[in-house]
Each structure stands twice: as C-alpha cells, then as structure tokens.
Amino acid sequence: MRNPLVVCSKRENKMNVGWKRIDSLLLVVIASGLFLYGCSENNPATSTSGVQQLSPQTETLLVTSPARFSEYDSSTLIVCDYNSATLVLIDKTSLESVGGFKLKGKPLGAVFASGRFFVANRTAQSVDVYNADGVFQYSFGSGAGLFQKVNDLAHDPSLSLIYVLDAGAAVVRVFDYEGQEASYSIGNGLLLHPTALTVDTYTGELLVSDFGNHDDISPQVFIFDSNGTQVNPMVASAPVVSPMMSLTPPTAPATGFSGNFSSPQGLIIDYPQGGSGERLLFLVDSRAGDVHGYQLSDGTQVVSLGTLGTEVGELFYPLDVHVDPSSRDVFVADHRNGRVTVYREGGVLP
C-alpha cells in the first residue's frame, strides 16, 4: 500500500481565547483571483491526497475531491470522494487508506449502519446501499422522483434511522435501514437552501446548515429534536459576513442559530469533556475557507481553524468537518485542494 503524502506545517506562538495554544499556519499569497480574508489561529496541520491503493478493489484510485465525512469506527474515517465516485476509508492516525470501493455515482454523504454503507448518490438522486465488502445491494429513490437533490446523509443509531437531506426540496426525509420512509419529514417550510446535516448522538437532535438567501434571510443552523420539532433558536452571536463577496446580510431572523459565517456546509457536534459537558458546534464555511467552533449554550465562537488558500493547513472550499472524540483531532474535507487536512488536537480545552 502506498503511503499518503504527509506534510507538516510551520508554527507560530499564538493563543485562541478560551483555548490552549493553537499553532498558527503561515499566511501565504494564494491562487490568483482569490481574496485572503483576515487570519486565524491554527494547530499543526497535515494532509493526505493523491494515489491510494484500496481494497477490496485491485485498481489504483485517486482521492481528488473529498466532500463528506462520517465515522466508520473509532479509528477509521469514511471519506466521500466526489469526482472519482469513490468511498475511501482512512486511518485517523496514520492517514493511510485502509479500504474503499468504487460507487455507482458521485457521493455527497455516506454512513455505515447495520453492517451496510448507505451512500447519497448525487448522480442518480438516490440512496445506494452496499454491503460491508463494498458490493452494491439496492437503492431507494432512484427513478421514482423521490429526491430532487440529495446533498447529505446522517445516521441516528439509537432510533435506527437514516436522515436524507434533499436540498432541492429543502427538506430532510427519514428512512429505516430497509429504505422504508417514515410518516414525517423534517424542516418543511423552514429550510430555504439546506446544505448539510448531522445528528447529536447524545441528545438525538438533528442539526441542518442552511445558506439562507443572502438577501433577507441569513445563513444559519437549524436544530430539531428526534421528533422533527424545531428546538428553540438562540440569539445570533455575531453579524454574518461574507469575505468573498463583501456582503453583510441583515440580522438573522429568530428561526435558527447564526454566527459569523457566510456559507455553512458540513457540521458536527463535539463534547470536549464528555456527554455531560459543554457541547460545541463545529462547521465549515466553504467560501471563507475556515472552520468555526461555537458553544451552543450561548453561541460564543471559541474555535477558528484554517484560512483561505492552497498551502498546507489552508483550506479552499472545504465541505465537511469531523472531530475525533478521543484525540480531539479536527479533520476537514478540503475539497478544492483535493485533500483531507487534519488539525491535530484542534479541539482540546486547556
């Protein structure tokens, strides 16, 4: 098996308020036409990209455009590689590929549940199901017009449910492991331009990121309980600013949580001190090229990782984030840079 490319970053001595020292990445001049907005405090970052040998396939596959993450087990991350239509399993510590297989279409979300891989197939607008060896079993939604634009999947293991985000219909649809749809959907009439979703496995709450419309409805994150009822929103913690377009939309309406982000994509809930402690919301801002972390108790931003660019540790249109509950490593699907970027111990409280 080929070893992935591992690159270390340069360090500076800086500190994030409320957090232990987070090493800063050197700011550089990025690709022409991009505007580098501000700076952030970052941990050492490593990246994995390029050619990988995957099993059970015997061919060499390219990891070119990571789009979505989910956890396969405590040591392994599932990576949806969009352009190559591949599901890749990588070891969280070594960043080496430990498995993977070709898919029937371009993936925008995958989960492993009940011994099967469930994959959001953006090409066919379906959810495809593969067995543990990567062999296709069946799909639901394809050909029936059930989905307009599948954009992400999430899994609630306590209820044995698969949540499917349909960005075209602006709704989350709910299914069991056999593809039978529940009698209810989530977010109908509330969501405008939803982009990604995640489940808080401690509370069962479903969180959905939404672009808004950058006119009269700001980007925000909606929170729903396990019954699909919206949880009381929180007050916005900061103005919503788009560094790429220099827009400052109006104050977010009282429907969801809004922070200092412009184009929220993938998100995850993290408990730095266990399930009974403070919970944090991590999410990527695709246009700004960074990762935000908020205390959900009051909306205070306490984490900022990455900055817009193409150098090591910089991010170019990131699409998802994963926080390892043990190591505190923060993994980012650095989509346009064609790599997985890792901020080691990026979420450790002092």
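# Exercises on strands, burial and a pocket

D324 is buried, with a relative accessible area of 5%; buried means under 20% relative accessible area, exposed over 50% and partly exposed in between, for a 1.4 Å probe and protein chains only. The model is predicted, so local features require pLDDT of at least 70 and side-chain atom pairs pLDDT 80 or more, whereas totals for chains, interfaces and linings use all residues. Residues are numbered from 1 along each chain as its sequence is written, and side-chain values use heavy atoms, without hydrogens and water.

**Exercise 1.** Determine where D324 lies and which side chain its own side chain meets in a polar contact.

*Solution.*
1. D324 belongs to the loop between β23 (320-323) and β24 (330-334); strands are DSSP runs of E with at least two residues, helices runs of H or I with at least four, and both are numbered from the N terminus.
2. The side chain of D324 makes a polar contact with the side chain of K92, at 2.8 Å. A polar contact is a pair of N or O atoms within 3.5 Å; within protein, one must be able to donate a hydrogen and the other to accept it, and residues adjacent in sequence count only if both atoms are side-chain atoms.
3. A polar atom of the D324 side chain also lies 2.7 Å from the backbone nitrogen of S327.
4. Beyond neighbours within four places in sequence, D324 is in contact with E71, S74, K92, D329 and F331, contact meaning heavy atoms within 4.5 Å.

**Exercise 2.** Establish how many residues of strand β5 are buried and with which strands β5 pairs.

*Solution.*
1. In β5 (residues 76-81), 6 of 6 residues are buried.
2. In a regular strand, side chains alternate between the two faces of the sheet. In β5, T76, I78 and C80 point one way, L77, V79 and D81 the other, and all are buried.
3. β5 pairs in the antiparallel sense with β4 (residues 66-73) over 6 bridges; two strands pair if DSSP finds at least two bridges between them. D73 stands opposite T76, and a hairpin joins β4 to β5 through 2 residues.
4. β5 also pairs with β6 (residues 86-91), again antiparallel over 6 bridges, with T86 as the bridge partner of D81. The hairpin of β5 and β6 has 4 residues between the strands, and A85 in the turn has a positive phi of about 50°.

**Exercise 3.** Explain why one side of β12 and of β15 is left without a neighbour in their sheet.

*Solution.*
1. The open sheet consists of 4 strands in the order β12-β13-β14-β15, with antiparallel pairing.
2. β12 (150-156) and β15 (181-186) stand at the edges with a single partner strand each, so one side of each has no neighbour in the sheet.
3. The partner of β12 is β13 (residues 161-166), joined to β12 by 6 bridges; L153 is matched there with V164.

**Exercise 4.** State whether F118 is buried or exposed, and identify the residues that F118 touches.

*Solution.*
1. F118 is in strand β9 (residues 116-121) and is buried, with a relative accessible area of 0%.
2. The C-alpha atoms of F118 and V129 are separated by 4.7 Å, although the residues are 11 apart along the chain.
3. Not counting residues up to four places away in sequence, F118 touches G109, A110, V111, A113, V127, D128, V129, Y138, L153, I162 and Y177.
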